[in-house]
Amino acid sequence: MIAITALFLVFLAYAQARSGGAPSEACANIAPQHGGSSQPLVSSPYSLNVSQLTAAGGYTPGRNYTLVLTGGASQYKGLLVQGRRGTNPVGSFAAGNLVKPACSNTAVTHRDSSLKNNVSLIWTAPAAGTGSVVFSYAVVVQFNTYYATLTSPVIAEVGSN
């Protein structure tokens with residue numbers, strides 16, 4: 001009986017690890033569904049950098065942008081990133097070697113639980129008239145060590161194509 005219980009607990013921990021990416025339930029609040037609570041956001045070494053912004057620091061609707069999730073010397077196993085206008089998802093993400101679309105293509109998550117650093121993501125900006133965007137993201141270091149609901153600076157819409 002003890003062996004069966006131990007085997008069940010190992011299987012349960014493996015199934016909850018989400019090594020293949022964030023589940024759809026994580027889309028609502030950009031938080032891993034691991035239980036427990038997020039690490040203090042002020043202690044996060046992670047940042048999300050958006051390149052190719054306009055000279056004014058904004059985005060052009062419909063254009064592709066490269067985002068890089070980095071932690072300096074701190075590696076991570078999982079991620080979930082989504083562009084938002086308030087609580088509404090905006091824009092879409094492309095698949096990559098280490099990531100795959102999630103949340104009906106409005107977000108991107110990890111493909112596996114290998115250690116990562118400086119992961120590049122491709123985001124397509126939303127249609128004209130959307131307005132300012134903030135990226136909300138979560139980073140999983142280990143199953144019980146994660147940072148949820150991190151945010152980027154506000155990125156304004158500056159024009160249309």
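# Exercises on a disulfide, a salt bridge and two cores

The torsion about the S-S bond of C27 and C103 is about -90°, so this disulfide is left-handed. The model is predicted. The exercises start from this bond and work outward.

## Exercise 1. The disulfide

Task: Find how many disulfides the structure holds, and place the cysteines in the chain.

Solution.
- Step 1. Count. The structure holds 1 disulfide.
- Step 2. Identify the pair. C27 is joined to C103, with an S to S distance of 1.8 Å. The cut-off is 2.5 Å, so the pair qualifies.
- Step 3. Place both ends. C27 sits in the loop between α1 and β1. C103 sits in the loop between β6 (99-102) and β7 (107-110). The two are 76 residues apart, and the pair links distant parts of the chain.
- Step 4. Check burial. C27 has 13% relative accessibility. C103 has a relative accessible area of 15%. Buried means under 20%, so C27 and C103 are buried.

## Exercise 2. The salt bridge

Task: Locate the salt bridge and classify D112 and K116 as buried, partly exposed or exposed.

Solution.
- Step 1. Recall the principle. Side chains of opposite charge can pair when their charged atoms come close.
- Step 2. Count. There is 1 salt bridge in the structure.
- Step 3. Name the partners. The side chains of D112 and K116 meet at 3.5 Å, N to O. That is within the 4 Å cut-off, so the pair counts as a salt bridge.
- Step 4. Classify. D112 has a relative accessible area of 34% and is partly exposed. K116 is at 2% relative accessibility, so K116 is buried.

## Exercise 3. The nonpolar cores

Task: Describe the largest nonpolar core and say which strand gives the largest share of it.

Solution.
- Step 1. Size. The largest nonpolar core has 26 residues.
- Step 2. Hubs. L67, L79, V81, L121, W123 and F135 touch the most other members.
- Step 3. Sources. At least two residues of this core come from each of β1, β2 (64-70), β3 (78-85), β8 (119-124), β9 (134-142) and β10 (145-151). The largest share is that of β9, with 4 residues.
- Step 4. The other core. Another core, of 8 residues, lies apart from the largest one. Its members include A26, C27, L80 and A107. C27 is thus a cysteine of the disulfide and a member of this core.
- Step 5. Zoom in on W123. Leaving out residues up to four places away in sequence, W123 touches Y59, R63, N64, Y65, L67, V90, G91, S92, F93, V133 and F135.

## Exercise 4. A serine in a loop

Task: Trace the surroundings of S44: which loop, buried or exposed, and which contacts?

Solution.
- Step 1. Position. S44 lies in the loop between α1 (2-16) and β1 (47-50).
- Step 2. Burial. The relative accessible area of S44 is 17%, so S44 is buried.
- Step 3. Polar contact. The S44 side chain reaches the backbone nitrogen of Y46 at 3.1 Å.
- Step 4. Contacts along the chain. Not counting residues up to four places away in sequence, S44 touches Y147 and L150.

## Exercise 5. The whole chain

Task: Summarise the secondary structure, burial and contacts of the chain.

Solution.
- Step 1. Elements. The chain has 1 helix and 10 strands. Along the sequence the pattern is α-β-β-β-β-β-β-β-β-β-β.
- Step 2. Burial. Of 161 residues, 37% count as buried.
- Step 3. Contacts. Take those with a separation of 6 or more; 67% of them join residues 24 or more positions apart.
- Step 4. Surface. The accessible surface is about 8200 Å², and 57% of it belongs to carbon and sulfur atoms.

Methods: Residues numbered from 1 in each chain as written. Predicted model: local features only at pLDDT ≥ 70, side-chain atom pairs only at ≥ 80, totals over all residues. Heavy atoms only, no water. Buried < 20%, exposed > 50% of the residue type's maximum accessible area, 1.4 Å probe, protein only. Polar contact = N/O pair within 3.5 Å; in protein donor to acceptor, adjacent residues only side chain to side chain. Contact = heavy atoms within 4.5 Å. Core = buried A, V, L, I, M, F, W, Y, C linked by side-chain atoms within 4.5 Å. Areas by Shrake-Rupley, 256 points an atom, 1.4 Å probe, with all protein chains shown as cover.
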